[in-house]
Amino acid sequence: MLRIIDARTREPVDAAPARRGLTRVEVHAPGSDTTNLRVLLVGDLLVRTLELGGTPVWALLTGGHRQAELRADAATLGIRPFEDSPDVGAGLGESQFVHVTTEDGAAPDGVRIAVAPVEPGPPHPSDPAVLRLALISRHHGTPVRLEAAGLDDAHATLARWRAAVARWARQPSRPVPDDVRGRLRDAWDDDLDVPRVLDVLRQVETEPELADGARFETYAYADRLLGLDLTRDLGNPS
């Protein structure tokens with residue numbers, strides 16, 4: 001079960017304390033800069049993680065005067081749409097309220113995830129998944145400084161993984177090994193530790209005893225959280 005560090009208390013809490021109970025995720029992003037985009041991206045990761053665990057989610061966005069610009073950038077980055085936040089109380093019988101904000105952002109009472117800022121750098125890369133990978137390569141509580149070297153590394157990693165996934169897909173399918181599935185879940189259930197998820201994929205990439213079909217299924221499974229379109233090159237000639 002996903003446990004997150006509540007930014008108000010610094011204590012771990014269950015993101016969905018009632019099994020199968022509705023969790024309301026509300027993202028507070030009043031601007032349209034890269035920091036606010038990262039806040040919305042963390043909200044997207046939270047929603048994906050909860051849904052992978054079987055928890056129904058109501059995903060909402062409370063924005064400011066540049067919300068349309070933020071939504072457009074979010075769509076480009078593969079962030080799924082969030083509803084406009086209505087001016088209502090808990091409603092619908094949800095059992096949990098999780099707010100996602102900037103570190104200094106205001107939010108109503110409730111469990112809160114605080115997202116560290118992004119220091120802008122070079123222009124955003126032509127492949128939005130490169131920026132997404134660069135932003136999720138650091139824990140959401142750690143500031144990100146976008147630099148050319150980091151974006152180049154994300155681009156190279158993404159290209160290598162997509163090519164490998166397309167190659168592995170030509171081999172007989174094998175299920176995700178139980179221990180690998182457990183390592184992935186342990187990572188993302190631990191305060192959305194996405195960098196550790198990426199570390200597991202690096203291990204799977206070179207683990208000598210794994211069948212290529214199992215590598216393919218592992219990457220496809222993890223991409224349900226990561227949203228990097230790792231299967232994009234399936235069917236392309238090598």
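**Close-up views of a predicted model**

**View 1. Buried residues of helix α5.** Val180, Leu184, Ala187 and Trp188 are buried (under 20% relative accessible area, 1.4 Å probe, protein chains only) in helix α5, residues 178-188. Down the axis of α5, these buried residues fall within an arc of 90°, so they line one face of the helix; the arc is that of the directions from the helix axis to the C-beta atoms. Asp178 and Asp186, on the other side of α5, are exposed (over 50%). The cover over the buried residues includes α1, α6 (194-206) and α7 (212-226), with contact meaning heavy atoms within 4.5 Å. Helices are DSSP runs (H or I, at least four residues) and strands likewise (E, at least two), numbered from the N terminus.

The model is predicted: local features need pLDDT of at least 70 and side-chain atom pairs pLDDT 80 or more, while totals for chains, interfaces and linings use all residues. Residues are numbered from 1 along each chain as its sequence is written, and side-chain values use heavy atoms, without hydrogens and water.

**View 2. Contact of helices α1 and α2.** Asn36, Leu37 and Leu40 in α1 meet Leu70, Asp73 and Ala74 in α2. By class, this contact has 4 nonpolar, 1 polar and 1 charged residues.

**View 3. Surroundings of Ala114 in strand β7.** Ala114 lies in β7, residues 111-115, and at 22% relative accessibility counts as partly exposed (between the 20% and 50% limits). Leaving out residues up to four places away in sequence, Ala114 touches Ala7, Thr101, Thr102, Glu103, His140 and Gly141. His99 is 15 residues from Ala114 in sequence and 8.5 Å away in space, C-alpha to C-alpha.

Note on methods
Ala, Val, Leu, Ile, Met, Phe, Trp, Tyr, Cys and Pro count as nonpolar, Asp, Glu, Lys and Arg as charged, and the others, Gly among them, as polar.
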